[in-house]
Amino acid sequence: MSALTANAPDTKKTDEDTTGDEVEKTVADVEDDDDDDEAEAVADGADGEKKKKKKKKKKKKKKKSGAEPSLKFSGLNIGGFTDYYVKYGQTEPPTIPISKLFTPGSFPKGEIQEYKQEFNRYRFESEEKKMEDAVHEEYYDLVRQASECHRQVRSYAQSIIKPGIKLIDMCTLLENKNRELVEEAGLARGIGFPTGCSINHVAAHYTPNCGDETVLNYGDVCKVDFGTQIDGRIIDCAFTVAFDPQFEDLLKAVQDATETGISNTGVDVRLCDVGAAVEEVMESYECTIEGTTYPVKCIRNLNGHSIGQYQIHAGQSVPIVDNGDQTKMLENQMYAIETFGSTGRGHVIEFGECSHYMKNFDAPHVPLRLNSAKKLLGHINKTFGTLAFCRRWLERDDGGSFTTNSLQGKQSKYIGALKNLCDAGIVCAYPPLVDIEGCYTAQYEHTILLRPNCREVVSRGDDY
């Protein structure tokens, strides 16, 4: 979930150029077409046989052109999608909670990296730093458990995301699987924040509200951003899905920039130095879309961020350009390293119907006059605390947590109360963040731990 200086737009598009039915036809099962061809051949004899051959040639040409959607163009190193978790004894689809697949202390570690800075090189071999590291093993284990849940949920998600799926259905399936595998238990365990599925010029902070019928189309660029939390330790990780190969260079630019950002982080590293490294790599790319070549620009007013316990934005922003911030990164701090690239102006504004909300971590005590606002605040406090939430969750029968509310948590006629809480400064609204309409944006993100003796990319997976 991005640290913002602005937010994103109304993505309720109808996209008449590529409806779900058209996509279905584009990727229709070849076997069905072959059956029709055979029937034609029997009816028409030798002429029918020629028609059959001709039609088969056309199909081959269509497949070669890249018209058939394939996640290989989404910047993910995936083949079987769900092969990742099956090797651990997970079912297909996944149904076994992560805690049942591993014993405490055995959750898979993320990618271990040595610090590249000269002044940090001693840390990897330092016995003193290793001893400091060992003191925090219980904390690391919770982070790794949440990370493993995120990996398995996103592997499952990658197997269901395809043209024609409604975004609200995609988010619901993903979030329910997240709740199931993490064993949702109110504030103790659950979803870190609403699932972002921002499309095209919308860079971040969009998730469907109830009634939103937006469909994912073949020509869309969709940022999938979701979180898992255990004891308030939030894993914030995102990837971009694009089926059309013409977006491949855009996705490569952003993924390369994210990896560059990660490799340049370290204890006592200046935030502006991370931003400068990201900017140099991101803006060395260009991409060609519909015959026009665009430079890939960093979205300058979106950032990565430090992550605290039950605090997705814990105070430090990790820029993706050289902004001159001399603040240094901290030992044992978690950071979300996320970068955004755009073919537009490289600057986002808040626009569109809001879906994301979060209680202010340092919310002031404000007397509330509206009973409906008091009631809603009570629900937010016990169900989400200071974790982000969305309107769609408020309208679930469990109000966002079955453990906390059973099936008695659904909020109704809450819009006025929610506005009152926002006006009072108790809750913050995070509208969608958008670049100029008609452009395309992409995002990649990993959560890292700056441990005393090494950097651990805790959310790293086989996919990216």
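## A walk through the model

Start by selecting Ser372, Ala373, Leu376, Leu377 and Ile380 in helix α10, then add Ala417, Leu418, Asn420 and Leu421 in helix α13: these two groups meet each other. Before going on, keep in mind that this is a predicted model.

What kinds of residues make up the contact of α10 with α13? By class, there are seven nonpolar residues, two polar ones and no charged ones. Now show both helices as ribbons, taking residues 371–383 for α10 and residues 415–423 for α13. They pack at an angle of about 80°, and their axes are 8 Å apart. Angles of 65 to 115 degrees count as roughly perpendicular, so α10 is roughly perpendicular to α13.

**Next stop: the sheet beside α13**

Keep α13 on screen and bring up an open sheet of three strands, in the order β15-β14-β16, with antiparallel pairing. Which strands stand at the edges? They are β15 (389–390) and β16 (427–430); each has a single partner strand, so one side of each is left without a neighbour in the sheet. Helix α13 packs on this sheet and touches β14, β15 and β16. Line up your view with β16, and you'll find that the direction of α13 makes about 105° with that of β16.

Zoom in on β14 (residues 356–359), which runs antiparallel to β15 and is joined to it by two bridges. Pick histidine 356 here, and look across to cysteine 390 in β15, which stands opposite.

**Another sheet of three**

Now select β4, β17 and β13. They form an open sheet in the order β4-β17-β13, again with antiparallel pairing. Its edge strands are β4 (202–204) and β13 (349–350), and each of these pairs on one side only. Click on strand β17 (residues 433–434): two bridges join it to β13, and the two strands run antiparallel. For one of the partners, select isoleucine 349 and find valine 434 in β17, its bridge partner.

**Follow β4 to a histidine**

Where is histidine 205? Look in the loop between β4 and β5 (221–230). Its phi is near 65°, a positive value in a residue other than glycine. That's worth a pause, because most residues other than glycine have a negative phi.

Add His313 to your selection. The UniProt annotation "binding site", from an unreviewed entry, covers His205 and His313. They are spread over 109 residues of sequence, yet they cluster in space, with a largest C-alpha distance of 13.9 Å. Of these residues, His205 is included in the lining of the second largest cavity.

**Four more annotated residues**

Select Asp236, His305, Glu338 and Glu445, which UniProt also lists under "binding site" in an unreviewed entry. Why do they gather at one spot? They span 210 residues in sequence, but no two of their C-alpha atoms are more than 10.7 Å apart, so they end up together. To place one of them, find strand β6 (residues 233–242), where aspartate 236 lies.

**Last stop: an unusual peptide bond**

Finish at proline 93, in the loop between α3 (83–86) and α4 (98–101). Is the peptide bond between glutamate 92 and proline 93 cis or trans? This one is cis, with omega at about -5°. By comparison, most peptide bonds are trans.

Terms used
Residues numbered from 1 in each chain as written. Predicted model: local features only at pLDDT ≥ 70, side-chain atom pairs only at ≥ 80, totals over all residues. Heavy atoms only, no water. Axes fitted to C-alpha atoms, helices over the stretch in contact; angles between N-to-C directions. Helix = DSSP H or I, 4+ residues; strand = E, 2+ residues; numbered from the N terminus. Parallel < 35°, antiparallel > 145°, perpendicular 65-115°, else oblique. Contact = heavy atoms within 4.5 Å. Nonpolar A, V, L, I, M, F, W, Y, C, P; charged D, E, K, R; others polar. Pairing = 2+ DSSP bridges. UniProt positions renumbered as here; feature names shortened; annotations may be inferred. 1 Å grid on protein atoms, 1.4 Å probe; cavity = no way out; pocket = protein on both sides within 12 Å on 5 of 7 lines; lining within 4 Å.
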